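Biologist: Before we start, could you show me the model, so that we can go through its charged pairs and one of its pockets together?

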Amino acid sequence: MPAVMKPGAACGVDSAPMQFNPSPLRKSLTALGALLTAHVTASLALLAQPVFAQTPAADNRIPAAVESALQRAKIPREAVSLLVMDVDGKTAPRLAWRTHQPMNPASVMKLVTTYAALDQLGPAYVWRTPVYLGGPVVDGTLRGNLYIQGQGDPKLVLERLWLMLRRLQGMGVKAIAGDIVLDRSAFQIAAHDAATFDNEPWRPYNASPDALLINYKAVALNIAPDSGAGIARIQYDPPMFGMDNQTTVPLAATNADCGDWRTKMQLDMNNPQRIAFTGSYPANCGDKTWSIAPAQPERFAAKAIEGMWRDLGGKLTGAVRDGGVPQGLQPAFQLESPALSEVVRDINKYSNNIMAQHVFLTLGMQRTGVASFEASRQALAQWWQTRWGSAEEPQPDNGAGLSRSASVTANGLGLMLQNAWASPVMPEFVSSMPIVGVDGTLRRSRSKYAGAAHLKTGTLRDSAALAGYVDGASGHRYVLVAMANHANAVAARAAWDALVDWTAAQ
């Protein structure tokens, strides 16, 4: 605290002869200081709120159609949070119901992660995967190890793995007289049990992040019925080295209902080295594709890379194993990912969990050099506080919304969406969201205003959410946030459709 200046000292007057009691003045200064502190604190609190916080109170009445849909779904109004406001925040919200209550937003949390990434990294940001040759290439043979260093590319899918290995062959490498060494050290995250969240470890959305993520750790099963042979043939991509997967399954009767054909095939994952089935496939279903996350996900990259290398005619005398790139070794080439803007589109349109976690981890990696969830949570908190203070800060957990502990308020999310609309990255951010009734996770929406909104969906067992932007009939554009946390939350879709329709009609 600065020293109290003696009375008169500022004017160069000797204070010794002056005889008066300074206590009343000190009390007045103390009171004035307290008043100023309270005023500054209140002002900062206002700055941390959306613009609409300074406007007249919102209408807290839930629209009748929305209320009715919630009642049919048996979701009490005390279990939802709703916000509809002009995107520029110049007028009071059209609807504000429990907007300061922290709620689990499910996959709507991806909006926080993707906007933070676009804002901090920029839409053109890319991930690079360096490939190193650990020796000379002699007569088509690499005399040494091949090193592949993962840096968190979230879209190193089947086609791009093929391009990587084809490029290697284009450099004259047809055989490797050594090992293929996978450096996955860029991600420092705890071991993950894919069955923990919902006891369905074969679901690709339960896969864990990996610095060298190949094809989302998922195998695509391409199923084609062969009526003449009475079987359905199954092709697996990528080819997984060391796995003995079932390649045919019996066809069901030609008049069998397609229905839930996955359940009818009866997946059998008892053998970690085999994807098998004990049921049949309805011929009426035609060609289908099914993505499955096989057992031993920590070995997925090794099996996929070796399987693809051998499928391309490449030879390998050693093994595929984890390890580090020797110090001082320079990359032969680097595989570059699609731009962040394209990655964000995949995340939000189709609610890709593992890609969202990779983007989230990249925020921490850019800050500390090594990716971890804790570093990313700190990076996101710092970004939020820099922009809006600590008021109603989201709790992102893993950044993807696949979490029971993640939370955000409608007020905080609305504030972010307002800010995003005025941001230079607005076009990339908004276009990444599903268009209601048109594409992505909203293509089957029953809203009467198809095409009038860009919104992100979120659904867990006991959480349902929707957030984004709606074009109103009046020419106004609105921010919409809706969240339900309740055992019946999965039935909230009709209520969300009604809310979109009510907003679009404004």
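Modeller: Let us begin with a term: a residue is called buried when its relative accessible area is under 20%, exposed when that area is over 50%, and partly exposed in between. Please keep in mind that this is a predicted model.

Biologist: Is Lys-349 buried or exposed?

Modeller: The relative accessible area of Lys-349 is 1%, and the cut-off for the lowest class is under 20%. Lys-349 therefore counts as buried.

Biologist: With which residue does Lys-349 form a salt bridge?

Modeller: Lys-349 sits in helix α7, while its partner is found in the loop between α11 (426-431) and β18 (453-460), 90 residues apart. The partner is buried as well, at 17% relative accessibility. The closest N and O atoms of the pair are 2.7 Å apart, and the partner is Asp-439.

Biologist: Which residue forms a salt bridge with Asp-346?

Modeller: Asp-346 belongs to helix α7 (residues 340-350), and its partner, 191 residues apart from it, lies in the loop between β6 (146-149) and α4 (158-170). Asp-346 is buried, with a relative accessible area of 17%, and the partner is buried at 14%. Their closest N and O atoms are 2.7 Å apart, and the partner is Lys-155.

Biologist: How many residues apart in sequence are the parts that Arg-128 and Glu-336 tie together?

Modeller: The side chains of Arg-128 and Glu-336 meet in a salt bridge, with 3.2 Å from N to O. Arg-128 is partly exposed at 40% relative accessible area, and Glu-336 is partly exposed at 43%. Because Arg-128 lies in strand β3 (residues 128-133) and Glu-336 in strand β17 (residues 333-336), the parts that the pair ties together are apart in sequence by 208 residues.

Biologist: Which residues are linked with Arg-184 in a network of salt bridges?

Modeller: A salt bridge needs a side-chain nitrogen of Lys or Arg within 4 Å of a carboxyl oxygen of Asp or Glu, and by this rule the model has 19 salt bridges. In the network that includes Arg-184, the other members are Asp-210, Lys-217 and Asp-322.

Biologist: Turning to the pocket, how many charged residues are in the lining of the second largest pocket?

Modeller: The second largest pocket has a volume of about 330 Å³, and it is lined by 18 residues, with His-192, Gln-357, Phe-373, Asn-398 and Leu-402 lying nearest its centre. Divided by class, the lining has 9 nonpolar and 6 polar residues, and the number of charged residues is 3.

Definitions and conventions. Residues are numbered from 1 along each chain as its sequence is written. This is a predicted model: local features need pLDDT of at least 70, side-chain atom pairs count only at pLDDT 80 or more; totals for chains, interfaces and linings use all residues. Side-chain values use heavy atoms; hydrogens and water are left out. Helices (H or I, at least four residues) and strands (E, at least two) are DSSP runs, numbered from the N terminus. Buried means under 20% relative accessible area, exposed over 50%, partly exposed in between (1.4 Å probe, protein chains only). On a 1 Å grid over the protein atoms alone, a cavity is a set of points where a 1.4 Å probe fits but cannot get out, and a pocket is an open set with protein on both sides within 12 Å along at least five of seven lines; lining residues have an atom within 4 Å of a point. Grid points are joined across faces, edges and corners, and a volume is the space filled by probe spheres set on the points. Ala, Val, Leu, Ile, Met, Phe, Trp, Tyr, Cys and Pro count as nonpolar, Asp, Glu, Lys and Arg as charged, and the others, Gly among them, as polar.
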